Amino acid sequence: MEAGGLPLELWRMILAYLPLPDLGRCSLVCRAWRELILSLDRTRWRQLYLGCAECRHPNWPNQPDVEPESWREAFKQHYLASKTWTKNAAILETSVCFSLFRRRRTRRTLSVGPGHEFHSLGSALAMSSLFDRILLFPGLHEEQGEIILKVPVEIVGHGKLGEVALLASIDQQCSTTRLCNLVFMPAWFSPFMFKTTSGHVQFDNCNFENGHIQVHGPGTCQVKFCSFKNTHVFLHNVPLCVLENCEFVGSENNSVTVEGHPSSENNWAYTHLLGLIRSSPGVLPTEDSDSLMSLDLESRDQAWSPRTCGIVIEGSQSPTSLATGSPTAGSQEAEVGSNGERVARTPDSSDGGLSPSGEDEDEDQLTYRLSYQVQGPRPVLGGSFLGPPLPGASIQLPSCLVLNSLQQELQKDREAMALASSVQGCLIRKCLFRDGKGGVFVCSYGRAKMEGNIFRNLTYAVRCIHNSKIIMLRNHIHHCRASGIFLRLEGGGLIAGNNICHNAEAGVDIRKKSNPLILCNQIHHGLRSGIVVLGNGKGIIRNNQIFSNKEAGIYILYHGNPVVSRNHIFKGHAAGIAVNENGRGLITENVIRENQWGGVDIRRGGVPILRSNLICFGYSDGVVVGDEGKGLLEGNTIYANKGCGVWMMASSLPHVTSNHVSYNGLYGVAVFSQKDGSGELPGGHGGQENFSEDGDAILWETELEKDDDPLRRPITVALVESNSADHNGASGLYIQSSEALHIVNNVIHANRVRGITVAQSSQLTRVANNSISCNRQSGVKIEAQCKVELRGNGIYDNRGHGIITKGDSTVMENDIIGNRGSGLQLLPMSDTKVIKNRIHSFRASSIAVQGHAKALVQDNTIFQGRTNKTIFQQSSNNQECIIQNNRFLVFKKSDTWRLTNPPARPHLENSLRGPSAAHGGQKVTAMATRITAHVEGGYHSKRSIFCTIL
């Protein structure tokens with residue numbers, strides 16, 4: 001640094017005494033001097049800013065204790081904004097004399113007050129010329145008649161804010177005006193403090209109390225650092241208005257109303273306002289600053305690997321040993337049957353798993369262990385969900401389920417980026433709305449953009465109705481006495497990057513054909529639901545964090561039909577997503593975890609499409625399909641929930657296909673019909689919720705659209721198809737139903753009780769083409785008086801019997817191979833047709849008929865599994881068992897057995913998929929029903945963790 005080589009600190013001390021014009025001149029000397037002037041940001045520039053009577057703290061009113069990034073930049077922006085009102089290009093171009101007048105700085109200052117040039121504002125205005133400055137000195141200035149502004153003037157209060165009060169009703173009829181440092185109150189004859197219909201008005205550092213401000217298009221306004229107490233700002237057809245750094249307190253109605261489509265006729269100030277907005281720093285995200293809570297979803301290593309697909313059975317020249325311990329229950333000395341066959345006694349009728357220890361085998365006895373592989377689980381989302389959940393461990397999410405930042409989402413979605421960047425109608429930025437009834441009301445094709453505002457302790461924050469559009473970016477909306485954001489009657493727009501919490505009703509309420517884009521918000525700790533969509537409401541709900549709400553994270557009803565994708569919905573006190581009362585929706589690629597009730601709850605005519613979601617770690621069931629629920633459940637991973645993976649009522653008609661249901665505490669898939677007449681509703685799920693403005697939710701039924709979605713094919717029989725149910729705490733599939741059910745093409749593997757349990761089935765349950773393997777007890781158990789058809793299944797390597805039945809069943813064309821109990825055990829009072837099966841038991845009889853079971857055993861191929869064991873066991877006096885045309889194969893060392901015609905079952909790759917196409921009607925009910933479930937195996941209590949239908 002030159003000029004005598006003074007140290008930098010001394011130069012800064014000297015320059016700190018310079019006024020603003022001299023600082024500007026110094027910054028033009030050279031680059032070194034410019035850098036020196038810029039280095040005074042925290043000293044001289046801060047002092048200049050705070051010393052200006054027209055300036056409040058740049059982060060007032062939301063963060064007055066937070067330093068701005070640059071005091072100089074804040075001062076510059078305020079200075080430029082304060083001069084906008086003088087940039088009246090139309091007047092300057094039409095008046096050469098006025099242009100010369102401006103350059104000669106002959107603008108007058110008129111003083112108003114006791115002892116000054118004018119005693120009232122009206123008298124000063126009568127003598128004012130273009131762009132004169134009227135200075136009001138401290139005191140109360142009351143005007144008895146309406147003031148009409150016919151020439152552009154600037155009206156400024158002298159002294160500190162609050163020392164100059166103006167009681168007046170001002171009607172602006174000129175092109176521009178500015179009012180600064182004043183306290184406005186309405187005159188006794190009119191509630192309107194200020195109104196304009198065509199000009200531009202600028203308010204800086206003013207207070208408004210108990211009145212109204214009205215701006216009609218093509219008029220514009222710019223309001224900065226103003227406070228509104230019980231004051232209503234009404235903007236009608238405005239092309240552009242800016243409200244920035246303002247405070248709205250104690251409104252008895254709406255604080256700001258934006259009505260009507262922005263006027264296509266723009267006044268002179270429109271271009272200048274637009275340039276000012278684009279040049280000032282906004283609140284659009286720069287990078288990953290969106291997360292309120294980071295999810296602990298890290299990677300973990302798992303040594304567990306599934307069995308491979310493909311089923312092959314062939315003989316061996318020599319006995320093969322077991323990979324795991326061999327069962328012993330019921331093994332006895334061999335004896336010779338009356339027909340000369342080798343006969344062995346089998347285990348009793350219990351289907352429990354056989355103990356791997358305590359083996360008591362004869363070393364000379366040959367065991368024919370047939371070599372094969374079983375169909376293992378079919379994961380949907382990858383290997384992270386194949387192993388058992390480990391305490392304290394986290395999960396690696398696939399890329400399709402990881403939340404993006406708001407900036408990433410806007411870069412991917414051009415439409416959303418265009419919305420976020422657009423400015424039309426009213427811009428409300430960095431304002432505080434508190435302690436009143438309403439915040440912002442946008443109606444009748446109005447347009448409003450809200451950035452970086454705080455809405456708190458209001459009845460509602462924002463309402464958007466009648467084809468209006470709102471853009472909400474990074475606002476904080478909390479502690480509202482009703483919904484935070486409310487859209488109806490085809491309202492729409494973009495709601496992105498907001499923090500919406502602790503509201504008494506829904507965080508976002510969408511109804512009556514409204515269709516917003518809800519993106520990257522945090523919606524949490526609401527006293528009701530996070531988002532409610534009803535009454536034909538739509539919307540795209542994407543990439544949000546919705547958590548810790550007392551009711552459903554997302555609640556869809558009354559023909560609401562949103563697209564819900566890539567959200568994280570977690571730690572709710574009720575269901576993650578609830579769909580009922582004919583609600584619909586496409587729900588895809590969400591992470592729904594750790595919710596107290598079902599991850600997804602469908603009932604009362606709900607017909608959603610639930611696809612490719614991760615539903616995990618819930619404290620109840622993964623998916624609940626209650627009374628009259630429908631819909632498509634496809635490609636979901638339902639993992640490690642404490643209740644059932646999928647819980648369905650028999651009267652519901654869902655299509656459950658291609659899901660991976662694993663490591664849940666109870667059943668993988670459970671179907672129940674038992675009802676408890678208790679009408680009690682547990683708290684927290686909106687039993688008395690008011691979804692209508694008039695308090696009557698039934699009114700929505702008169703406006704419901706017809707369901708013509710081609711993706712929702714009506715079905716008349718519940719269908720469980722092509723799923724993988726493995727490692728669940730009870731049976732993979734449990735049926736206690738009075739309705740027909742189809743179970744087709746599933747892989748049911750390694751569950752802790754049975755593969756399939758049919759406890760009640762008064763109508764036919766069809767079990768076809770499934771792979772049922774490695775379950776801890778029987779592959780399939782059918783209780784008394786159940787009607788079941790098993791066809792084309794592969795039942796392999798279960799630790800109990802392959803099939804055990806007490807009911808009325810047809811077992812046809814199945815492969816029942818390698819089970820440690822009997823391949824097929826028919827208990828007394830059963831009535832079973834066993835036709836064209838291939839049956840082999842590793843340790844017991846291939847078929848065991850207990851007591852006086854009624855059976856037709858015909859055209860089967862039955863293999864001997866062990867020397868000195870009988871192939872077929874039955875009571876000698878049973879006349880009800882008919883055995884004909886069966887092929888019994890006793891193993892010899894020279895034999896080789898293969899399943900070739902047909903190939904080993906099930907034939908999953910060749911199976912036909914799809915629900916039946918019959919049409920079934922739906923009826924909305926309001927009955928409160930409690931479902932109870934008897935849980936087998938002693939793992940749980942007699943009631944399911946969550947079986948309450950609202």
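Let us start with Cys-464, which counts as buried because its relative accessibility is 0%. This is a predicted model, and a search through the whole of it finds 0 disulfides. Cys-464 is accordingly in no disulfide, and the nearest cysteine sulfur belongs to Cys-443, at 9.2 Å. Since a disulfide here needs two cysteine sulfur atoms within 2.5 Å, a separation of 9.2 Å does not qualify. Such a link would be a covalent bond between the sulfur atoms of two cysteines. Another cysteine to look at is Cys-774: its relative accessibility is 14%, so Cys-774 counts as buried too, the cut-off being under 20%.

From here, step back to the protein as a whole. Its 950 residues include 59% that are buried, and its secondary structure comes to 11 helices and 77 strands. If you take the contacts between residues at least 6 apart in sequence, 56% of them join residues at least 24 apart. The exposed area of the protein is about 37300 Å², with carbon and sulfur atoms supplying 49% of that surface.

Now for a run of parallel strands that you can follow one by one. Begin with β17 (residues 240–244), which pairs with β22 (residues 425–429) in the parallel sense over 5 bridges. In this pairing, Glu-244 has Arg-429 of β22 as its bridge partner. Strand β22 is mostly covered, with 5 of its 5 residues buried.

On we go to β24 (residues 447–451), which β22 also joins in the parallel sense, here over 4 bridges. Two pairs of residues help to trace this step: Cys-426 stands opposite Ala-448 in β24, and Arg-429 has Glu-451 of β24 as its bridge partner. Arg-429 is thus a handy landmark, as it is the bridge partner of Glu-244 and also has Glu-451 as a bridge partner.

How many residues of β24 are buried? The count is 5 of the 5, so β24 is largely enclosed by the rest of the structure. In a regular strand, side chains alternate between the two faces of the sheet. For β24, one side carries Arg-447, Lys-449 and Glu-451, the other Ala-448 and Met-450, and all of these are buried, leaving both faces covered. The walk then continues to β26 (residues 469–473), which runs parallel to β24 and is joined to it by 5 bridges. Ala-448 appears once more here, standing opposite Ile-470 in β26.

Further along the chain, take a look at Asn-544, in the loop between β35 (540–542) and β36 (545–547). Is Asn-544 buried or exposed? With a relative accessibility of 0%, Asn-544 counts as buried. A polar atom of the Asn-544 side chain lies 3.0 Å from the backbone oxygen of Arg-542. Beyond its neighbours within four places in sequence, Asn-544 is in contact with several residues, including Leu-403, Ile-518, Cys-520, Asn-521, Arg-566 and His-568.

Finally, a word on confidence. The mean pLDDT of the protein is 80, and 76% of its residues reach 70 or more. Confidence is highest in strand β30 (residues 499–501), at a mean of 98, and lowest in strand β76 (residues 929–930), at 26. Over residues 89–105 the pLDDT stays under 50, and the model has 13 contacts beyond four places in sequence for them. Residues 910–950 also stay under 50, with 131 such contacts in the model.

Technical notes: Residues are numbered from 1 along each chain as its sequence is written. Side-chain values use heavy atoms; hydrogens and water are left out. Buried means under 20% relative accessible area, exposed over 50%, partly exposed in between (1.4 Å probe, protein chains only). Two strands pair if DSSP finds at least two bridges between them. Contact means heavy atoms within 4.5 Å. Accessible areas come from the Shrake-Rupley method with a 1.4 Å probe; for residues, only the protein chains shown count as cover. pLDDT is the predictor's confidence in each residue, from 0 to 100. A polar contact is a pair of N or O atoms within 3.5 Å; within protein, one must be able to donate a hydrogen and the other to accept it, and residues adjacent in sequence count only if both atoms are side-chain atoms.
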